[in-house]
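Student: Could you walk me through one part of this model in close detail? I'd like to start with how the strands go together, and then hear about the metal site.

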Amino acid sequence: MLSSQLCIAQRWDGSSECKGSHQMTNSFDILIRRARLRSRADSLFDIGIVSGQVVALAESLAGEAKLTIDAQGNLVTESFVNPHLHLCKVYTLQMMDEEALTSYNAEGMGKAMNAIELAARVKEKYDEAWIVKNVRKAVAQAAIYGNTHIRAFADVDSKARLEGVKALIRAREEFKGIVEIQVCAFAQDGWVREPGVDQLMRQAMELGADVVGGIPWIEYTDADIQQHVREIFDLAQEFNKDVSMLVDDAGDPGLRSLEAMAVEAVRRGWQGRALAHHARAMALYPQPYFQKVVALLKRAKMAVVSDPHTGPLHARVKELLAEGVTVCLGQDDISDAYYPFGRNNMLEVAFLAAHLLWMTTNREMEILYDMVTVNAAQAMNVKDHQLKVGANANLVILDAPNVLEALREHRAPRFVISHGNLVDRPRMESVAQIGEWSK
Ligand SMILES: [Zn+2]
């Protein structure tokens with residue numbers, strides 16, 4: 001009598017729910033036993049998965065399964081989501097000299113623009129053939145660490161041309177069903193100040209990029225910043241794509257590109273489709289101006305991605321959260337001219353943020369966990385990214401019974417389920433090592 005047992009399946013919020021065709025079946029693709037849920041830590045649950053979806057969640061489920069996983073009382077949650085990664089640049093640190101990294105962090109980020117100019121040198125060597133190997137290594141690591149969705153930036157400019165975009169699109173297709181990559185064509189070296197970038201960005205969208213990316217604060221004048229923002233939105237509207245922009249990413253309290261982006265999102269009806277990254281100058285905004293920006297962010301339904309581990313300044317995460325703005329955390333960089341470490345482990349990112357943001361109470365650690373799972377998914381417009389009946393089965397079975405231990409140890413999950421399938425860890429370890437798919 002599986003159907004009656006499944007009908008008592010409960011949503012994670014406690015309400016009863018029974019959906020889909022599973023009532024007629026007596027077999028799951030995957031059955032997770034003895035899972036601890038964040039919201040119901042007092043007891044253990046079974047989770048049934050069929051055809052990529054969570055179809056049942058109850059204290060005890062009867063039935064057959066092709067694969068049964070014993071969670072052994074460890075935490076089972078939504079998988080991790082990384083809304084910000086410069087994926088075309090991963091592991092390029094060895095190709096750089098020390099100068100760029102020193103410049104990005106020096107003098108309260110007063111020389112950040114100079115760092116971007118220095119880092120651009122590596123792009124003269126850009127070639128899809130070597131970039132894609134680095135990309136595979138980083139994405140395979142993401143799979144190992146249960147990071148199943150990435151918004152990945154590929155530089156588009158006169159030096160990088162379309163080499164990064166091509167490499168990321170190739171990896172997106174290779175990792176389909178394991179790690180979902182949203183390829184963001186990103187005008188890293190500017191729009192107005194970089195001749196020909198408008199044509200290259202258009203070509204990137206025609207090649208199949210998923211998101212239009214800008215960096216308006218890097219322009220020389222306020223008029224150029226406005227033009228940059230407008231023309232990025234023009235392209236996004238033309239291709240009906242979401243927008244991501246790196247805004248106010250230097251130690252200058254006078255930067256106003258976050259404001260310009262939010263105003264444009266409202267004007268274009270792009271509410272909920274524009275995502276702001278970095279916004280480090282927010283730390284220096286005068287308070288009345290900060291309040292105005294918060295109001296604009298809410299009107300634009302714009303989320304903010306913060307990466308406090310990659311620079312000495314960061315967005316006002318706690319204040320934004322208190323105001324009801326969606327905030328999430330991104331990996332940002334992996335061993336490039338801006339940041340030497342990183343391995344696509346979002347628990348590690350949250351662990352670092354806990355220190356830099358001073359978020360160490362139990363409640364704050366739960367918020368940090370949201371910022372690398374459900375908040376990040378919402379910011380990236382990944383639908384149904386919650387552990388509940390009827391949602392997509394993108395889950396991690398951790399090696400920790402609670403959020404505190406998960407953050408403290410930030411170990412790789414014991415098992416990762418992506419799109420309803422168990423991720424093949426030995427295979428991912430091999431790709432992460434050699435940057436090639438083994439035969
Ligand atoms: Zn970044």
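Tutor: Quick bit of vocabulary before we dig in: two strands are said to pair if DSSP finds at least two bridges between them. Keep in mind, too, that we're looking at a predicted model. With that in hand, here's the sheet: it's an open one made of four strands, running in the order β3-β2-β1-β4, with mixed pairing. The edges belong to β3 (53-58) and β4 (64-70); each has a single partner strand, so one side of each has no neighbour in the sheet. Ignoring direction, neighbouring strands here are turned against each other by 25 degrees on average.

Now zoom in on one pairing. Strand β1, which covers residues 27-36, runs parallel to β4, and six bridges link the two. If you want a spot to click on, try Leu31, which sits opposite Thr68 in β4.

On to the metal. The zinc ion is held by His84, His86 and His278, each through NE2, plus Asp332 through OD, at 2.1 to 2.3 Å. Read along the chain, those donor residues follow the spacing H-x1-H-x191-H-x53-D. Don't expect a neat tetrahedron: the angles between the four donor atoms span 86 to 154 degrees, and tetrahedral would need every angle between 85 and 135, so the arrangement is irregular. As for the two histidines at the start of that pattern, His84 counts as buried because its relative accessibility is 0%. His86 comes out at 4%, so His86 is buried as well, the cut-off being under 20%.

Conventions
Residues numbered from 1 in each chain as written. Predicted model: local features only at pLDDT ≥ 70, side-chain atom pairs only at ≥ 80, totals over all residues. Heavy atoms only, no water. Donors = N, O, S within 2.8 Å, 3.2 Å for Na, K, Ca; no water. Tetrahedral: all angles 85-135°; square planar, octahedral: opposite > 155°, others 65-115°. Buried < 20%, exposed > 50% of the residue type's maximum accessible area, 1.4 Å probe, protein only. Axes fitted to C-alpha atoms, helices over the stretch in contact; angles between N-to-C directions.
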